[in-house]
Structures are given as structure tokens and as C-alpha cells.
Amino acid sequence: MQTETSFPHLLQAYFTERLLHQRQASPHTIASYRTTFCLLLQFAQQQLHKAPSSLSLADLDAPFLSAFLEHLEQARGNSASSRNARLAALHSFFHYAALYAPQYSALIHRVLAIPSKRTEQTDIAFLTRLEIEALLAAPSQATWSGRRDRMLLLIAVQTGLRVSELTGLRCQDVVLGAGAHVHCTGKGRKERCTPLRQEAAAALRLWLRERQGGPGDPVFPNARGGALSRDGVAYLLATHVTTARQHCHALQHKRVSPHVLRHYLPFLTMSGNAKTFADMLGNSRSRQSSLGLRTRHSFPRLETVEKVQ
């Protein structure tokens, strides 16, 4: 019984049984939680001089975990939001441990009482039409990687997909022709079909012809043929933003991240720069009706916007 409730056993069971089988957590959640415990085990080895296999729940009390969270902010430069995400992973594990290690109930109760840190709400950044045009013109069309980057940026701007959804797109997820759209499984395992403008569909058709990938291959591969990583997308975006700043001075004072690209579509809709939702999509009535989109109002209803964002 001592072995079954040891920290290494509980940690392994938490990932293999709790997250994978009972909760069926997404790969992104599991990866985030895994990173949290990798950082925790490294911190424990430095501070307690114990190998991960020698740790016990008694070592991971509230003062020690509070010191770990402080280390993340001070030494690693993590934001309060990142600190709260790491704390959420710890809370999730200790909720699980409470069921199988009742002898540590008092310790677990104190750990679960560690509060999240309040974060400041920052203004949502967005890019204007001129800034988007400068960014799309930055990748060189003379190289394969440049054509891939421009296609990725164009799809990101016109569909509002998250980075994970962009990198996870497969060739079989792209539907061209009547009702052109891309299909993806996004956050919360929600499946979405996001319509494409005519220019985006035409450009994507040319790219897929050049790409020559199989149905299960990524739409935007890296140099080795695999899917781009989140860091890879951030790197190529930063490279092209640097180039675009030479021609668009408005970008000099803006911090452009992959998430900022998602805000262009709501900005276009809410600012009134798009006359109608049909103009924004650039599709014919048959394409709109096939996707169940309404275009009567200059400012689309909330449920219509959610289908596109």
C-alpha cells in the first residue's frame, strides 16, 4: 500500500489513468501538464537534492509549491497567467491524489488553498487593412518557404484559426469548389467549418497543387515535411513582421503575435469596413447558403460571427 500511494506511482497513474482514460484530456492539455511537472521535478532536484523517484507527497507541501511558483515568475520570467496555468495543473493532480492518499489530506488541503494570482486585462491588439497588406507582401514569392508562409498568413487572417488549428490542418481538411471551407477540430474538441474567400480558395488551390501532399499530410509543412510547430509559426511571423515594418511604419509600435492575426476578422466586421458579411467572405450566394450563413445585415449576428472566428 505504501508503494501504491507513493508520489511516483500517483504521478504516473494521474497521466495514464486520470488524464488519458478517465478525462480523455486533449494532447495540448497533457503536454501543458507534463511541462509543469517537468519544471517542478527539476526545481525539486535543485532545492531538495532528491531525484524524482525519491520524492514523496510530504516534500511537495504548500510552502515548497509556493516557492516553485515564485521561481517561475522571478527566475524564468513567466507571466501571472502562465503561473496560474501551472498552478491549475498542480491543483488537478492534488485533487486526484486526495482520493488515493488520504493520509496526506491536511497537506493536500493546504495546497488546494493556494490562490491564483490576479492578472491585468490588456487591450486586444489588432492589425488594420494596410498593416495586413504589408504583412502579406513580406514573404518572398520566389521561394517555396515564402509561398508557404504567405499562404499560412492569408489563411490565418481570413479564417481566424488558432495556431494549433493552422498547424493541425491536413490536406483532407480543405474543401475547394462550391462552399469552399476548411474543417478543423479546435479548442474544446469543437469541430468547425470556416468559409474561405474566393481569393483565398484560389491561392490555396495553387498551393496544394504545388504542395502535392497526401490526404493526411499537413497543409503547411516544415522543411522536413512534418507539421510546423507553434514556435516555428511564431518565428516565421516575426521574420515577416520585421520585413513589413520597413514599408509600413504603423507596425513599428505594434507587437504582432500569431494570436493578434485572429483579431483582424472581428475588426473588419465591427469597424464597418466590410459593407456586408457577403463582401467579407467574398463568396457567392450558393456558397453562403451551403454553409448556412446569413448576409442580410451589415453587422452579422453573433451566431454568424462565431462560425467564422
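**Overall architecture, cores and aromatic contacts of the predicted model**

Among the contacts in the protein chain with a separation of 6 or more, 64% are accounted for by residues 24 or more positions apart. The model described here is a predicted one, and its secondary structure comes to 14 helices and three strands. Of the 309 residues of the protein chain, 42% count as buried, while the chain exposes about 17,200 Å², of which carbon and sulfur atoms supply 51%.

The largest nonpolar core has 42 residues, and those with the most contacts inside it are L127, I155, L204, V219, F220 and L261. Two or more residues are given to this core by each of the elements α6 (129-137), α7 (144-159), α8 (163-167), β2 (181-185), α9 (198-211) and α10 (230-244). The greatest contribution is that of α7, which gives seven residues. The surroundings of L261 can be listed individually: when residues up to four places away in sequence are not counted, L261 touches L127, L135, L153, A156, V157, L237 and V256. A second core, separate from the one just described, has 36 residues and includes L40, L41, A44 and L72.

Helix α7 also holds a polar residue, Q158. With a relative accessible area of 11%, Q158 falls under the 20% limit and is therefore buried. The side chain of Q158 makes a polar contact with the side chain of E199, at 2.9 Å.

Aromatic contacts were examined next, and a search of the whole structure finds twelve aromatic pairs. In one of these, the rings of Y14 and F15 have their centres 5.4 Å apart and their planes at 80°, so the pair is edge-to-face; the angle exceeds the limit for this class, which is set at over 60 degrees. Y14 counts as buried because its relative accessibility is 0%, and F15, with a relative accessible area of 18%, is likewise buried, the limit being under 20%. Y14 takes part in a further edge-to-face pair, with F93, for which the distance is 5.5 Å centre to centre and the angle between the planes is 85°. This second pair links distant parts of the chain, since Y14 lies in helix α1 (residues 7-22) and F93 in helix α4 (residues 80-100), the two being 79 residues apart. Both Y14 and F93 are buried. The residues of these two pairs belong to one aromatic cluster, which is formed by F7, Y14, F15, F37, F93, F94, Y96 and Y100.

The strands of the model form an open sheet of three strands in the order β1-β2-β3, with antiparallel pairing. The edge strands are β1 (174-175) and β3 (191-195), each of which pairs on one side only. Between β2 and β3, the antiparallel pairing extends over five bridges, and H183 stands opposite C193 in β3. The strand β2 (181-185) is also among the elements that give two or more residues to the core of 42 residues.

Note on methods:
Residues are numbered from 1 along each chain as its sequence is written. This is a predicted model: local features need pLDDT of at least 70, side-chain atom pairs count only at pLDDT 80 or more; totals for chains, interfaces and linings use all residues. Side-chain values use heavy atoms; hydrogens and water are left out. A nonpolar core is a set of buried Ala, Val, Leu, Ile, Met, Phe, Trp, Tyr and Cys residues joined through side-chain atoms within 4.5 Å. Buried means under 20% relative accessible area, exposed over 50%, partly exposed in between (1.4 Å probe, protein chains only). Helices (H or I, at least four residues) and strands (E, at least two) are DSSP runs, numbered from the N terminus. Contact means heavy atoms within 4.5 Å. Accessible areas come from the Shrake-Rupley method with a 1.4 Å probe; for residues, only the protein chains shown count as cover. A polar contact is a pair of N or O atoms within 3.5 Å; within protein, one must be able to donate a hydrogen and the other to accept it, and residues adjacent in sequence count only if both atoms are side-chain atoms. Rings of Phe, Tyr and Trp (its six-membered ring) pair if their centres lie within 6.5 Å; planes under 30 degrees apart count as stacked, over 60 as edge-to-face and the rest as tilted. Two strands pair if DSSP finds at least two bridges between them.
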